[in-house]
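Work through the exercises below with the sequence and the model at hand. Each task is followed by a solution in steps.

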Amino acid sequence: MNRINESVPQEFILLGFSDRPWLELPLFVVFLISYILTILGNLAIIVVSRLDSKLHTPMYFFLTNLSLLDLCYTTSTVPQMLVNICSIRKVISYGGCVAQLFIFLALGSTECLLLAVMSFDRFVAICRPLRYSVIMHQKLCLQLAAISWVSGFSNSVLQSTLTLQMPLCGHKEVDHFFCEVPALLKLSCVDTTANEAELFFISVLFLLIPVTLILISYACIVQAVLRIKSVEGRRKAFGICGSHLIVVSLFYGTAIYVYLQPPSPASKDRGKMVSLFYGIITPMLNPLIYTLRNKDVKGAFKRLIGEKKNREV
């Protein structure tokens, strides 16, 4: 009986939409513009949140964490995708694939928890306004952020290890734009039922439970906002929470579609496009959503620009 070849390939071929070459130029333009906007937008939020003392609050502390996360999140995949689109051989080294898998999964898991933490912050701010500064003290904010980051990276260590232990039997064509767990599991030449069950369970923990808690917190927030007599107060509360809900819907909706949907050949192309949405488009939209719908951030930008002009004069 022939011994199964379980050798680890030196490189992987990222197929993406290589069977549709006419899509490559439009995708390259979209990816490049999205990446540039993601870098500029998230850097702007980080800089403004640190320089403007009025934004030194728990909400903007968590928003800064989200912006830093999105910067790293997109940088782990987009540059390699741009290179591959321009190349005849669309490859990534084994080490590069492992790093991409680990970082993308770690940051994605962290964002799942961080968005839930941000909704808790909004719940306390609106439903317990008189005790907000007592509850959301600096130590608790640091602890919540640390728990999100540590949990996300711990999950990535577990998921990456289990995925990379699967024998590939020489298979190296990844039907995706980047190295992601569902795509790599399809390369294995053994039964992956246990891995898929474990991935489903972890996805429930990191996707369904946080989004359920977010929905519960926002149900309480809506009740509290409707009790606010001031029209301006209502508008401000709905504006801030509306921004967060848009981000939550975009991120969780697309991630749940990919990780909690039963695998089927008919949905593989849709899955690739959806993963691009939460991996590239959502990090680009986050700074736009938070700044365009947020008077505090827009005011901070105006103050910083005004101070710069005054110094020049």
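**Exercise 1. The largest cavity**

Task: State which residues lie nearest the centre of the largest cavity, and how many residues line the largest cavity.

Solution. The model is a predicted one.
Step 1. The lining of the largest cavity consists of 18 residues. Nearest the centre are Leu105, Gly108, Ser109, Cys112 and Tyr259.
Step 2. Assign the lining to elements. Two or more lining residues come from each of helix H4 (94-127), helix H6 (138-164), helix H8 (193-226) and helix H9 (231-259).
Step 3. Sort the lining by class. There are twelve nonpolar residues, five polar ones and one charged one.
Step 4. Give the volume, which is about 190 Å³. Over the whole structure, the search returns three cavities of 30 Å³ or more.

**Exercise 2. The second largest cavity**

Task: Find which element gives the largest share of the lining of the second largest cavity.

Solution.
Step 1. The second largest cavity holds about 130 Å³ of space. Its lining has 13 residues, and Gly16, Phe17, Ile85, Lys90 and Phe177 are those nearest the centre.
Step 2. Helix H1 (24-51) and helix H3 (78-86) contribute at least two lining residues each.
Step 3. The largest share is that of H3, with three residues.
Step 4. By class, the lining of the second largest cavity splits into seven nonpolar, four polar and two charged residues.

**Exercise 3. The sheet**

Task: Give the strand order of the sheet and the sense of its pairing, then explain why one side of E2 and of E3 is left without a neighbour.

Solution.
Step 1. Place the strands in the chain. The chain has eleven helices and three strands, and from the N terminus the elements follow the order β-α-α-α-β-α-α-α-β-α-α-α-α-α.
Step 2. The three strands make an open sheet with mixed pairing, ordered E2-E1-E3. Strand E2 (91-93) and strand E3 (173-174) are at the edges and have a single partner strand each, so one side of each lacks a neighbour in the sheet.
Step 3. Check the two pairings. Strand E1 (residues 11-14) and E2 are antiparallel and are joined by three bridges; in this pairing, Phe12 has Ile92 of E2 as its bridge partner. E1 and E3 are parallel, with two bridges, and Leu14 is opposite Val174 of E3.
Step 4. Add the helix that packs on the strands. H4 lies across E1 and E2, and runs at about 85° to E2.

**Exercise 4. The two faces of E1**

Task: Which side chains of E1 point to one face and are buried, and which point to the other?

Solution.
Step 1. Begin with the general pattern: side chains of a regular strand alternate between the two sheet faces.
Step 2. E1 shows this alternation: Phe12 and Leu14 are buried and point to one face, whereas Glu11 and Ile13 point to the other and are not buried.
Step 3. Look at what lies by Phe12 in space. The C-alpha atoms of Phe12 and Tyr94 are 6.4 Å apart, although 82 residues separate the two along the chain. Tyr94 belongs to helix H4 and, with a relative accessibility of 25%, is classed as partly exposed.

**Exercise 5. Two residues and their contacts**

Task: Decide whether Thr77 is buried or exposed, do the same for Asp70, and list the contacts of Thr77 and of Asp70, leaving aside neighbours within four places in sequence.

Solution.
Step 1. Thr77 sits in the loop between helix H2 (58-75) and H3. Its relative accessibility is 1%, and buried means under 20%, so Thr77 is buried.
Step 2. Outside its neighbours within four places, Thr77 contacts Gln100, Phe104 and Phe178.
Step 3. Asp70 is part of helix H2. With a relative accessible area of 0%, Asp70 is buried as well.
Step 4. With the same neighbours left out, Asp70 contacts Thr38, Asn42, Glu111, Pro283 and Asn286. For Pro283, the C-alpha separation from Asp70 is 5.3 Å, across 213 residues of chain.
Step 5. Set this against the whole chain. Of its 313 residues, 49% are buried. Among contacts with a separation of 6 or more, 79% are between residues 24 or more positions apart.

Terms used
Residues are numbered from 1 along each chain as its sequence is written. This is a predicted model: local features need pLDDT of at least 70, side-chain atom pairs count only at pLDDT 80 or more; totals for chains, interfaces and linings use all residues. Side-chain values use heavy atoms; hydrogens and water are left out. On a 1 Å grid over the protein atoms alone, a cavity is a set of points where a 1.4 Å probe fits but cannot get out, and a pocket is an open set with protein on both sides within 12 Å along at least five of seven lines; lining residues have an atom within 4 Å of a point. Grid points are joined across faces, edges and corners, and a volume is the space filled by probe spheres set on the points. Helices (H or I, at least four residues) and strands (E, at least two) are DSSP runs, numbered from the N terminus. Ala, Val, Leu, Ile, Met, Phe, Trp, Tyr, Cys and Pro count as nonpolar, Asp, Glu, Lys and Arg as charged, and the others, Gly among them, as polar. Two strands pair if DSSP finds at least two bridges between them. Contact means heavy atoms within 4.5 Å. Axes are lines fitted to C-alpha atoms, for helices over the stretch in contact, and angles run from 0 to 180 degrees between N-to-C directions. Buried means under 20% relative accessible area, exposed over 50%, partly exposed in between (1.4 Å probe, protein chains only).
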